[in-house]
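Please read the following report with the sequence and the structure side by side. Each section takes up one kind of feature and names the residues involved.

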Amino acid sequence: ETDSCPAEGCALENLSCVKWRQTVGCDPKGSREKNGDKDCHEEIGIGSSGYCQCASSSSSERVKARAVSCDHRPFRCSTECLQAARYRCIGWRQTGGCSADGTREPNKDQTCRALIDPRSSGYCECGGGRIIRKPGCVHGEWAEPFTCLDECAGEASLYEELGVDSSASEKEIKQAFRKLSLVHHPDKTRNDPVLTARFSQIREAYEILGDEGQRAIYDSAGLQLLYQFMSNKA
């Protein structure tokens, strides 16, 4: 299975879902748990770890998409394989000034498998235009080292879905959603399946982050407890 982009880029076409591959220990890199595998259109609920396996119709290539721990949003692999390029790594892009938006320092860029010091500022560049921002410096002082290979393979945070930092104001979150809606709303995309799938993820992120109470639970306890809270409230 491949998990980083070839030299020609991440423009994956005609990928279809093979199956959901379950793993043990709430670790997407854990041992396989084959009796937990699911068909492509089955929902992958909270509490399951693993990844979607996607395949090309023109080659024997296998691609992993949306590798998740047990704390994730529900999804279907049939949808994720349409967006498989977003889960593949291009590389680490270093910046200065303790900001992912700082001045680029290309001489310090790293490959997908390089272990990145969390105090470094920059971003993981993934396929499909996906960017995973890392402000570094004091923000990464207590974080663990990471590789962009693992970061790109995983589920996007709600903040990443909207393209904002976790410190974004309510106004910034609303503006980000409106901007993305102009591009990804089904009325604008003529029901393109990839862009429609992206809009569903963007809308869910906004519905949670745009609600002060839900955002507070997400920030402090994660998605699993947030969904439990919402279920009990209903």
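The report below covers sheets, salt bridges, a pair of helices and two backbone angles.

## The model and its first sheet

The structure is a predicted model, and the descriptions that follow should be read with this in mind. A convenient place to begin is an open sheet of 3 strands, which are arranged in the order 1-3-4 with antiparallel pairing. Strand 1 and strand 4 (62-68) are the edge strands of this sheet, and each of them pairs on one side only. From one strand to the next, the twist averages 25 degrees.

Within this sheet, strand 1 is joined to strand 3 (residues 49-56) by 8 bridges, and the two run in the antiparallel sense. One residue that helps in finding this pairing on the screen is arginine 21, whose bridge partner in strand 3 is tyrosine 51.

## A second sheet

Another open sheet is also built from 3 strands, here in the order 6-7-8, and its pairing is antiparallel. Strand 6 and strand 8 (131-134) each have a single partner strand, so they stand at the edges and one side of each is left without a neighbour in the sheet. Direction ignored, neighbouring strands of this sheet are turned against each other by 15 degrees on average.

Strand 7 (residues 122-126) and strand 8 run antiparallel and are joined by 4 bridges. In this pairing, cysteine 124 stands opposite isoleucine 132, which belongs to strand 8.

## Salt bridges

Side chains of opposite charge can pair when their charged atoms come close. In this model the count comes to 21 salt bridges, and three of them are described here. Arginine 21, already met in the sheet section, forms a salt bridge with aspartate 37, with a distance of 3.2 Å from N to O. This pair links distant parts of the chain, as arginine 21 is in strand 1 (residues 15-23) while aspartate 37 is in the loop between strand 1 and strand 2 (43-44), 16 residues apart. Are these two partners buried or exposed? Arginine 21 has a relative accessibility of 18% and counts as buried, and aspartate 37, with a relative accessible area of 17%, is buried as well; the cut-off for buried is under 20%.

A second salt bridge, of 3.9 Å from N to O, is found between the side chains of arginine 86 and glutamate 161. Arginine 86 lies in the loop between helix 1 (77-80) and strand 6 (89-94), and glutamate 161 lies in helix 3 (residues 158-162), so this pair ties together parts that are 75 residues apart in sequence. Arginine 86 is buried, with a relative accessible area of 12%, and glutamate 161 is buried too, with a value of 3%. In a third salt bridge, arginine 119 meets aspartate 117 at 2.9 Å from N to O. Here arginine 119 is exposed, with a relative accessible area of 52%, whereas aspartate 117 is partly exposed, with 31%. Salt bridges that share partners also join Arg66, Arg73, Glu80, Arg86, Glu155, Glu161 and Arg198 into one network.

## Two packed helices

Two packed helices are described by the angle between their axes and the distance between the axes. For helix 7 (residues 212-221) and helix 8 (residues 223-233), the angle is about 145 degrees and the axes are 7 Å apart. The crossing in which helix 7 passes helix 8 is right-handed.

Which residues of helix 7 meet helix 8? From helix 7 these are Gln214, Ile217, Tyr218 and Ala221, and they meet Leu223, Leu225, Leu226, Phe229 and Met230 in helix 8. Sorted by class, the contact of helix 7 with helix 8 has 8 nonpolar residues, 1 polar residue and no charged residues.

## Positive phi angles

Most residues other than glycine have a negative phi, and two residues of this model are worth a look in that light. Arginine 66 has a phi near 50 degrees, a positive value in a residue other than glycine. Arginine 66 lies in strand 4 and, at 3% relative accessibility, counts as buried. Arginine 66 is also one of the residues in the salt-bridge network.

Cysteine 137 likewise has a positive phi, near 50 degrees. Cysteine 137 is located in the loop between strand 8 and helix 2 (148-153), where it is partly exposed, with a relative accessible area of 23%.

Terms used
Residues numbered from 1 in each chain as written. Predicted model: local features only at pLDDT ≥ 70, side-chain atom pairs only at ≥ 80, totals over all residues. Heavy atoms only, no water. Salt bridge = Lys/Arg side-chain N within 4 Å of Asp/Glu carboxyl O. Buried < 20%, exposed > 50% of the residue type's maximum accessible area, 1.4 Å probe, protein only. Axes fitted to C-alpha atoms, helices over the stretch in contact; angles between N-to-C directions. Left-handed = near helix turned anticlockwise from the far one by under 90°. Contact = heavy atoms within 4.5 Å. Nonpolar A, V, L, I, M, F, W, Y, C, P; charged D, E, K, R; others polar. Pairing = 2+ DSSP bridges.
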